[in-house]
There are 2 protein chains.
Amino acid sequence: MNKKQFLPWDHPRFRSWVSVARACQMMQSALTRELAPLDLKPPHLDILANLYRHAGLSQQELARKLLVGRSNISMTLPQMERRGLIERRGDSRDKRVLRLFLTAEGEALALRAMQIQTALIDRSLSRTPLEDCSAIGAQMERIIAALQMEDDGGAESG
Amino acid sequence: MNKKQFLPWDHPRFRSWVSVARACQMMQSALTRELAPLDLKPPHLDILANLYRHAGLSQQELARKLLVGRSNISMTLPQMERRGLIERRGDSRDKRVLRLFLTAEGEALALRAMQIQTALIDRSLSRTPLEDCSAIGAQMERIIAALQMEDDGGAESG
DNA sequence: ACTTTATTGTTCAAGGTTGAACATTGTAAG
DNA sequence: CTTACAATGTTCAACCTTGAACAATAAAGT
């Protein structure tokens with residue numbers, strides 16, 4: 001008679017995480033919409049923001065920070081380079097790596113895009129007290145660490 | 001001299017949300033990895049889980065729940081139907097809509113996949129107290145509501 | 001009844017993402 | 001030095017996702 005013996009929705013952590021995932025997806029959609037006038041998509045913004053922060057990254061390092069494959073970066077960057085947003089210079093010591101930098105135009109666009117993103121986040125989280133925001137951020141860092149472990153070492157005991 | 005006048009990373013809500021997005025992305029990657037043995041990807045699981053929960057949904061309703069386009073559903077479902085996981089029956093009252101149901105095999109696979117997902121979430125959130133999980137879920141629901149408003153009514157006052 | 005407007009599902013082209021195979025360059029081992 | 005191994009970036013085929021255009025059906029307006 002027990003038609004549904006396994007109902008994940010009864011599971012508190014499961015329910016909470018579903019909400020998290022949903023919120024993320026909607027934020028992504030909203031960001032895509034608001035970035036459209038700049039002819040940018042979230043992945044482009046991620047790249048611009050990271051190069052704004054850490055000038056001189058290699059493609060590999062950038063890919064790792066963004067959690068995407070090298071090939072992704074390798075196919076996206078030439079577009080942005082042609083658009084005059086970034087610059088790639090070969091590393092003098094290691095001829096394999098290309099170091100990435102924003103152009104002046106790229107930095108200007110990065111700033112505009114980041115302002116749009118920050119404004120969107122502010123609007124969406126306006127009903128969430130700062131204290132709770134920080135608490136959420138801290139918990140998420142824990143979760144990231146836990147998932148990091150899985151990535152690296154499958155099932156390392158510790 | 002103020003080289004970086006606009007640093008989003010100084011912004012508490014921005015920082016917190018970056019962590020949220022990162023955690024989501026890593027969870028998605030981990031889920032993709034763990035679902036591979038079942039020859040399923042997260043979007044397939046989303047479909048199975050939603051039909052498990054709400055049998056008889058139309059494709060439109062399913063698309064809305066999953067926050068994807070109708071075309072997406074329209075191209076994914078035939079694959080799953082050929083695989084014997086779902087069934088599509090025309091609605092008798094409205095000849096436009098197709099009502100969706102899980103087959104026995106689909107339900108079995110849905111259960112296995114949901115158990116994998118629940119286990120992954122449990123593992124990743126094991127260091128996050130239940131109380132905090134619930135608080136996070138509640139805040140996320142607020143954020144979802146805020147983003148919902150933007151979607152619907154652009155800038156409705158109220 | 002007739003026309004207009006909306007909704008549902010399908011198709012298609014465009015673009016994004018991935019993982020594997022590859023060439024090049026650096027590093028360690030013998 | 002020579003050989004084996006590892007890391008970086010590129011290319012390619014496969015797949016996924018999207019948005020627009022479309023045909024069929026329903027609902028609303030006249």
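1. In this predicted model, A:Ile136 is the residue of chain A that comes closest to the rotation axis, its C-alpha lying at 3.2 Å. The axis in question is the one that relates the two protein chains: a turn of 180 degrees, with a shift of 0.0 Å along the axis, lays chain A on chain B with an RMSD of 0.0 Å. The two copies are thus related as by a two-fold rotation axis. The same surface serves both copies, since 100% of the contact residues of chain A recur in chain B.

2. The contact between the protein chains draws 61 residues from chain A and 61 residues from chain B. Together the two chains bury about 6,300 Å², of which 65% is on carbon and sulfur atoms. On the side of chain A, three residues supply more of the area buried against chain B than any other three: A:Phe6, A:Arg13 and A:Met26, with 12%.

3. Chain B carries an open sheet of 3 strands, in the order β1-β3-β2, with antiparallel pairing. Strands β1 (57–58) and β2 (86–90) of chain B stand at the edges and have a single partner strand each, so one side of each is left without a neighbour in the sheet. The pairing of β2(B) with β3 (residues 98–102) of chain B is antiparallel and runs over 5 bridges. Within the sheet, B:Arg88 stands opposite B:Leu100, a residue of β3(B).

4. Which residues come nearest to DNA strand C? Of the 22 residues around this strand, they are B:Gln59, B:Gln60, B:Arg70, B:Ser74 and B:Arg96. The residues of the surface near DNA strand C comprise 6 nonpolar, 9 polar and 7 charged. On the DNA side, 64% of the atoms of strand C within 4 Å of the protein belong to sugar or phosphate, and the rest belong to bases.

5. Individual polar contacts to DNA strand C involve both protein chains. From chain A, an N or O atom in the side chain of A:Asn72 is 3.0 Å from a phosphate oxygen of the strand. From chain B, a polar backbone atom of B:Gln60 is 2.6 Å from a phosphate oxygen, whereas a polar side-chain atom of B:Arg96 lies 2.6 Å from a base oxygen. The elements giving two or more residues to the surface near DNA strand C are α4 (70–82) of chain A, and α3 (59–66) and α4 (70–82) of chain B.

Note on methods
Residues numbered from 1 in each chain as written. Chains lettered and ligands numbered in written order. Predicted model: local features only at pLDDT ≥ 70, side-chain atom pairs only at ≥ 80, totals over all residues. Heavy atoms only, no water. Least-squares fit on C-alpha atoms with pLDDT ≥ 70 in both. Contact = heavy atoms within 4.5 Å. Pairing = 2+ DSSP bridges. Helix = DSSP H or I, 4+ residues; strand = E, 2+ residues; numbered from the N terminus. Near = heavy atom within 4 Å. Polar contact = N/O pair within 3.5 Å; in protein donor to acceptor, adjacent residues only side chain to side chain. Nonpolar A, V, L, I, M, F, W, Y, C, P; charged D, E, K, R; others polar. Buried area = accessible area lost by both parts, 1.4 Å probe.
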